[in-house]
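Here are a few exercises to work through with the model open in your viewer. Try each one yourself before reading the solution.

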Amino acid sequence: MIATLRFPKRSYTGWGSIEKLINELQELKPEKILIVTDETLVKIGMVDRFLSPLNENYQVRVYTDVEPEPSLACAEKLVDFTRNGGFDLVIGLGGGSALDLAKLAAVIPKNDGNVTDYLNLTGKRQLKNQGVPKILLPTTSGTGSEVTDIAVVSLEGTKDVVTHDFLLADIAIVDPQLTVSVPKRITAATGIDALTHAVEAYLSINANEATDALAIKAVELIGSSLKQAVENGENQEARTAMSYGSYLAGLAFFNAGVAGVHALAYPLGSQFKLPHGESNAVLLPYVMDYISSSCSEKLTAVCDILGMKWSEQDYLEIFYKLVEDVGLPTTLKEYGIPEAALSSLTEDAIKQKRLLARSPKPLHKEDIYQIYQMAYNGL
Ligand code: NAD
């Protein structure tokens, strides 16, 4: 099989790597910079602390109208704002929500139409113009958005994406320092999101030797540090391992894809407003259990790396415990999702053909319903 590997043009990683931002700007020589971030990051002083030096040499506009799990309307509003703003560089600072919007702000205004026209499920247009350069600075260790060509938006009932090479970061700066302030529950949810990226990429039918190497290292880093990062956000070693782990998991899934967990998680985000990481976390044990017969060798290898023996517990228990241990809910019931909603969740999940196609075990409508039912009931 011939495999293609795609990466952002340049990445900086490691504690303190944000200092490279200034050098990059000196090379790119922008005149007017748009910073896409969110209100929380302004309030906690992160924008001031890390980006205020830019005001000395550049014209800078900070845009904060960023919802968590941004809706299509939120994305369209930003694109409208950007179109006539004369910006020649976009910096995204935030979790996946701000980074995804930054990608759209950099690219869509340089093309005809709006975000809707380029959606994967329903869009009719192809992007023709690259847009302006973008620099992405993740502040959560989770989505891997800084290294993928994907921007996710929430729709009624489900989520959809714009994907294109043009959405890839010119520069990704993955500095664990920026994640120290992430609260416990968001650390847990985003961390399980990153783990899910690594595991689904490893089990994907599109996996290859290179993506396996990225995914396995990511599982190792996340498995050995997530709990510590949740328990003590100031733990520099744990935050650094999580930062590398989510970066590598992002590269793994960008190149091999994610599958069933994500396909079933999208409707939970849209219909019940669960944060992306939590939607993945509450489904991960049940999807792993359901597909295990089609990928048991690889799944056993993942459990070994996570320090859990499959011979002593089954896959369901192993992943359930992992989610429970970081303090996240483990059933749909706990989120107050009614059993009656399982049919409409199934109807929306089945639309995610792009994701379901990579599952090692084909997932049809009845399989999806059964997984939601398992996740409703719990262990
Ligand atoms: P998020 O960006 O929605 O942020 C969650 C919350 O954490 C927000 O309130 C934010 O203000 C806060 N936060 C972020 N960094 C912080 C920090 N350092 N200190 C304190 N608070 C902080 O969450 P996320 O999970 O990173 O991103 C979710 C979005 O990313 C979803 O829309 C999801 O669909 C998308 N996503 C994109 C990709 C991709 O490849 N593009 C992959 C997976 C998920």
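**Exercise 1.** Which of the 30 residues around the ligand come nearest?

*Solution.* Keep in mind that you're working with a predicted model. Start from the 30 residues around the ligand and pick out those that come nearest: Asp38, Ser97, Asp100, Thr139 and Thr148. Next, go through some polar pairs. Ser97 puts a polar side-chain atom 2.6 Å from a ligand oxygen atom. For Thr40, a polar side-chain atom sits 3.4 Å from an oxygen atom of the ligand. Ile150 uses its backbone instead: a polar backbone atom there is 2.9 Å from a nitrogen atom of the ligand.

**Exercise 2.** Work out how helix α6 (residues 184-203) is placed against helix α8 (residues 236-256), and what their contact is made of.

*Solution.* Step one, the axes: those of α6 and α8 come within 8 Å and cross at roughly 40°. Step two, the label: angles under 35 degrees count as roughly parallel and 65 to 115 as roughly perpendicular, so α6 and α8 end up oblique to each other. Step three, the hand: α6 passes α8 in a left-handed crossing. Step four, the residues: on the α6 side you'll find Thr187, Gly191, Ala194, His197, Ala198 and Ala201, and they meet Arg239, Met242, Ser246, Ala249, Ala252, Phe253 and Ala256 of α8. Sort the residues of this α6 and α8 contact by class and you get eight nonpolar, four polar and one charged.

**Exercise 3.** Do the same for helix α10 (residues 276-291) and helix α15 (residues 365-377).

*Solution.* The axes of α10 and α15 come within 9 Å, and they cross at roughly 130°. Only angles over 145 count as roughly antiparallel, so α10 is oblique to α15. Their crossing is right-handed. From α10, the contact takes in Val282, Leu283, Tyr286, Val287, Asp289 and Tyr290, while α15 brings Asp367, Gln370, Ile371, Tyr372, Met374 and Ala375. The class count for α10 with α15 is nine nonpolar, one polar and two charged residues.

**Exercise 4.** How many charged residues are there in the contact of α11 with α12?

*Solution.* Set up the geometry before counting. Helix α11 (residues 296-305) and helix α12 (residues 315-325) have axes that come within 11 Å and cross at roughly 40°. The crossing of α11 and α12 is left-handed. Now list who takes part: Ser296, Leu299, Thr300, Val302 and Cys303 from α11, with Tyr315, Ile318 and Phe319 from α12. Sorting the α11 and α12 contact residues gives six nonpolar, two polar and no charged.

Note on methods:
Residues are numbered from 1 along each chain as its sequence is written. This is a predicted model: local features need pLDDT of at least 70, side-chain atom pairs count only at pLDDT 80 or more; totals for chains, interfaces and linings use all residues. Side-chain values use heavy atoms; hydrogens and water are left out. Axes are lines fitted to C-alpha atoms, for helices over the stretch in contact, and angles run from 0 to 180 degrees between N-to-C directions. Helices (H or I, at least four residues) and strands (E, at least two) are DSSP runs, numbered from the N terminus. A crossing is left-handed if the near helix is turned anticlockwise from the far one by less than a right angle, and right-handed if clockwise. Contact means heavy atoms within 4.5 Å. Ala, Val, Leu, Ile, Met, Phe, Trp, Tyr, Cys and Pro count as nonpolar, Asp, Glu, Lys and Arg as charged, and the others, Gly among them, as polar. A residue is near a molecule or strand if one of its heavy atoms lies within 4 Å of it. A polar contact is a pair of N or O atoms within 3.5 Å; within protein, one must be able to donate a hydrogen and the other to accept it, and residues adjacent in sequence count only if both atoms are side-chain atoms.
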